[in-house]
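Biologist: I am new to this protein. Please take me through a single part of the model slowly, and then show me what lies around that part.

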Amino acid sequence: MEQQSMIRTTRLDYKINMMQLQADFKFLVVKIIDRSAFKDYNKLLASWSPEAVTSIRGRYKKGVYLMMFRQLPAIPTVAGLELHEILLEDMVKFKIYPNHLLQLLLNQQSANEKSLLEPCKTPELLISGQEWYREFRDMRQQYYALKLKVNWQQDLEMSVQTFTQVTEFQWDKQIYQFNEKRGRFQLCYRPSPGIYFVQGNHTANRNYIDFLSLRDLSSFFRCKVGVTQLVLDNLNLHAEKYLLRPVTFHKSLVEHSSRLKLSKRETIWQQLAGFSLNIYAQVNDRLSQELADQLSDHLTRSQLVRKNNIHVVRSQKIQSGFNIQVIRDVRDRAAEDGYEVAKNDQIVQHLTVENFGHYQEGDKEITWNPKGSGKHLDPARDVAIVKLIQELCIKRDLANGKLKTVEPKLASLTQPLEFYYFAFLKKSFDPEVMVIKLAFTPEMELRFSKKKVRLNALTSDDEYTQVCKRVFDSLARPNFQSAWNSVDCVVRTGNKQLLIQRLNRTIMPDGKQIRKQLELNRPDKTLWRDKVVEELGKLRPMVSGDSDYVAAYEQLQALVTGMRPSFPLKDLDEAARKAGLNPKRRDMRQVNQFLTENATFTLKTTLQRELPDSPLAGMKWIGLTRIEEGEGHFNTFYFVGSDKSLKPVVNRAVTLRRLLPLAGDAGIIDELFPKLAAMMSVEFVRSGQYTVVPYPVKYLREYWYSILRQHPEYR
């Protein structure tokens, strides 16, 4: 373990100027009691001119809304609605908190750099643009937007919301229009010119926005981090009067970190060495049979499979030992499921034509081909195929009741620990949770046990009820399934218990620093020869130490003197490369780091390098941090980033998980974290990446899925 730097998270630091906000605005709380009054609520908002609106508690055609006015309108009496003017000093009585006030200020912003504040009647901020647009064959339009919301834990949630065109306005529905000038979607409360949209995708296509892009400045402003940074910059500029402390992303120290290397992905094939692998398909389905033929043919020719002496068999039915069954995905279709459950000594992993084979309705045939890697592009190195074998090995362990996929050293680290998994069963006045326990014998045999626990009767003194009660007491809204879905597991060692819980909090790269570096490295950035010569000359006394570094800097100086009077940065980069100043060279890496820190340009950013003050801290490795949630109260979290160099485009954020002692003192966190980090440094759960929870949780989930197959009433 070694100490890392500071990380930023989506938790916001800010302080509202309550006195100034109350002096400038009036506040109205509107509660929709009856769904039939939703139409009247819309008509009221159509006639009113609030500066901003936000939702306190939102439900379909019901809920509680907070409105902010310069001048309060006449407050009518409307059946099914409750309306109250409030003072901010009384806001807690109405369950209004600082995040709601910040949301009011946020909703008036846009992601346009030079935009001003503008009133907004939409309860959330929905940023969109032409790059997030598609048109259907019937000419209907669809947009997707980045939704920004400050939650009760003071985190800025960034999610994607899709809007699909409808033909007409309806008073009793939430109808949206796209404001192209502001680059955002807004609720429409009365018929008006333009195109109408409703929330929802209504297609099988999934819309997503990259979390982070480092390709160039343009792509950065189209990713979640870039858009969010623009919005917060506008918020701090325009709402400065109402902020005693500007809105920033919280920084915390990484107290412990783990940088364990993963085994190579393809080593999983060694688990099948000397065995047969049977591939068969769903009966009477042409596409399933074709994909099974292709998969069998590719694996038969694989050198990696041959090296491990694995015999690939293509048959028409399940056999003893290892099996892969190709089936159709019948979800949302009135068709029979060809899924076959393994029995006795059979181990089977299933794949679908639609998912694995990338088949879409209307395709004439399957166009799947393995994406191998390495010198010979071996199909057995294909990520999807490797994932199949990894899942097969986990099912082998479950079927045999013994842990074999894990190396002995890690297994011995795991053996003293016990793990509890929680599955919410009923959405009713008497909800139940299935508590599943996994323990290990000294011979690494898997010992599963379970019990149904009623959440309204947590009085029994058995271990399942007691651990369930401790989790129940730690959750907000514990009678709801969403609360239990956030619980990954409880880890037990002796009499100590530690909860691992997933929250809507993520690592947040430093958008300002990223933007600055991308500006310095913009290819079309115009440079003037005389100014660059002068700048490099002034900085020259600061360049010292390594002789290769000094020589590379002086060579770059000489190159600039031979450039045209004005030129784009990309021309200087090309000239430097031709002269042998490749940015991958150690001396040029030093030069570019120096230019990034001191000059008005650089030939390559340091964004993807591991530096102590990197704006991407937390996107790599596994780390532990403590975050202050209130005066003197800290919560402990861990994050799991990448074990490899970051790519220019990162699709997903790195999520933080809370570590909460349920039994025993807080010392259990520092005691267990090194072991938990080791149990997440395995390649067989997420196919060549760290897994985000200790690997025994994967076994618990698979065990639970097998129970669901046997007991559909639990679903």
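**The ten-stranded sheet and its surroundings**

Modeller: Start with one pair of residues: Arg-8 faces Lys-251, which lies in β14. The model is a predicted one. Arg-8 leads us into strand β1, which pairs with strand β14 (residues 243-258). The two strands run antiparallel and are joined by seven bridges.

Now widen the view. β1 and β14 begin the order of an open sheet of ten strands: β1-β14-β26-β27-β29-β23-β22-β19-β20-β21. The pairing in this sheet is antiparallel. Its edges are β1 (6-16) and β21 (446-454). Each edge strand has a single partner, so one side of each is left without a neighbour in the sheet. On average, neighbouring strands here are turned by 30° against each other, direction ignored.

Helices pack on this sheet. Helix α3 (residues 98-106) touches β1 and β14. The direction of α3 makes about 90° with that of β1. Helix α10 (residues 463-474) packs on the sheet as well. It touches β19 (418-424), β20 (432-440), β21, β22 (487-493), β23 (496-506) and β29 (655-663). Against β21, the direction of α10 makes about 65°.

Next, compare another sheet. This open sheet has four strands in the order β16-β15-β17-β18, and the pairing is parallel. β16 (311-314) and β18 (346-352) are at its edges. Each has a single partner strand, so one side of each has no neighbour in the sheet. Neighbouring strands are turned by 25° on average, direction ignored. Strand β15 (residues 276-281) runs parallel to β16, with four bridges between them. Within that pair, Ile-279 stands opposite Arg-314 of β16.

This sheet carries helices too. Helix α6 (residues 286-300) touches β15, β16, β17 (321-327) and β18. Its direction makes about 160° with that of β15. Helix α8 (residues 383-400) touches β15, β17 and β18, and makes about 150° with the direction of β18.

Now step back to the domains. The protein is divided into five: domain 1 (11-105), domain 2 (112-117 + 124-251), domain 3 (265-400), domain 4 (408-492) and domain 5 (518-594). The centres of domain 3 and domain 5, taken over C-alpha atoms, are 53 Å apart.

Last, look at helices packed on helices. Helix α5 (residues 224-238) meets helix α12 (residues 511-520) at about 110°, with the axes 9 Å apart. The two are therefore roughly perpendicular. Val-225, Gln-229, Leu-230 and Asp-233 of α5 make the contact with Gly-511, Lys-512 and Arg-515 of α12. By class, that contact has two nonpolar, two polar and three charged residues.

Helix α14 (residues 547-561) and helix α16 (residues 586-598) cross at roughly 65°, and their axes come within 8 Å. That angle makes α14 roughly perpendicular to α16. The crossing is right-handed. On the α14 side, the contact includes Tyr-549 and Leu-556; on the α16 side, it includes Met-588 and Phe-594. This contact has eight nonpolar, one polar and three charged residues.

α14 also packs with helix α13 (residues 529-539), where the axes come within 9 Å and cross at roughly 160°. α13 and α14 are therefore roughly antiparallel. Their crossing is left-handed. Among the contact residues are Val-532 and Leu-536 of α13, and Tyr-553 and Val-560 of α14. By class, the contact divides into six nonpolar, three polar and one charged.

Technical notes:
Residues are numbered from 1 along each chain as its sequence is written. This is a predicted model: local features need pLDDT of at least 70, side-chain atom pairs count only at pLDDT 80 or more; totals for chains, interfaces and linings use all residues. Side-chain values use heavy atoms; hydrogens and water are left out. Two strands pair if DSSP finds at least two bridges between them. Axes are lines fitted to C-alpha atoms, for helices over the stretch in contact, and angles run from 0 to 180 degrees between N-to-C directions. Contact means heavy atoms within 4.5 Å. Domain bounds come from an automatic or database domain assignment. Angles under 35 degrees count as roughly parallel, over 145 as roughly antiparallel, 65 to 115 as roughly perpendicular and the rest as oblique. Ala, Val, Leu, Ile, Met, Phe, Trp, Tyr, Cys and Pro count as nonpolar, Asp, Glu, Lys and Arg as charged, and the others, Gly among them, as polar. A crossing is left-handed if the near helix is turned anticlockwise from the far one by less than a right angle, and right-handed if clockwise.
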